[in-house]
Amino acid sequence: MSQTSPQPRAPRLNIRLSADLVVDARRITGTTRNLSIGGVCVEIDRPVAEGKQIKLTLFVVEDDVETEGARGLELAGTVQWMAEGDRNYAVGIKFGNLTAAQSTALGHALKAVGDPQP
């Protein structure tokens, strides 16, 4: 019987991006807390059940406003966890199989924003 150790979690970067989530044909708008090549934490105004498949689009935000004319990065994932806060919910999303173009775009975005959080 072989024993496998869990994969280490990808480094997270504290970054605030606008996020549009589509869950069961409902659109939910939120803001990212952090982002990595493997997933994202998004703050939203309603709960989403663990295990839900979602589609999300991330947009660059400058001075709390989405950058005009910017194309969003479209991704898909699964809700891994959800936590209730004082005024909102935090949802941890693990990205699904990214295409080469999505991985490249996400990698460029992560390099552009700086160092990972400890």
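## Nonpolar core

In this predicted model, the largest nonpolar core has 24 residues, and those touching the most other members are Leu 21, Leu 35, Leu 56 and Ile 93. Two or more residues of this core come from each of the strands β2 (17–23), β3, β4 (39–44), β5 (53–62), β7 (73–84) and β8, and from the helix α1 (100–113).

Beyond its neighbours within four places in sequence, Ile 93 is in contact with Leu 21 and Leu 56. Its other contacts on that basis are Gly 38, Gly 39, Val 40, Val 42, Ile 54, Gly 77, Thr 78 and Val 79.

## Gly 30

Gly 30 belongs to strand β3, which covers residues 26–35. Gly 30 counts as buried because its relative accessibility is 7%, and the cut-off for buried is under 20%.

With neighbours within four places in sequence left aside, Gly 30 is in contact with Leu 17, Ser 18 and Ala 19, and also with Val 42, Glu 43 and Ile 44. Between Gly 30 and Tyr 89 the C-alpha to C-alpha distance is 9.6 Å, with 59 residues separating them in sequence.

## Confidence

The mean pLDDT of the chain is 83, and 78% of the residues score at least 70. Confidence is highest in strand β8 (residues 89–95), with a mean of 97, and lowest in strand β6 (residues 65–66), with a mean of 46.

The pLDDT is below 50 over residues 64–69, a stretch that has 8 contacts in the model beyond near neighbours in sequence. Where pLDDT is low, predicted coordinates should not be read in detail.

Note on methods:
Residues are numbered from 1 along each chain as its sequence is written. This is a predicted model: local features need pLDDT of at least 70, side-chain atom pairs count only at pLDDT 80 or more; totals for chains, interfaces and linings use all residues. Side-chain values use heavy atoms; hydrogens and water are left out. Helices (H or I, at least four residues) and strands (E, at least two) are DSSP runs, numbered from the N terminus. Buried means under 20% relative accessible area, exposed over 50%, partly exposed in between (1.4 Å probe, protein chains only). Contact means heavy atoms within 4.5 Å. pLDDT is the predictor's confidence in each residue, from 0 to 100. A nonpolar core is a set of buried Ala, Val, Leu, Ile, Met, Phe, Trp, Tyr and Cys residues joined through side-chain atoms within 4.5 Å.
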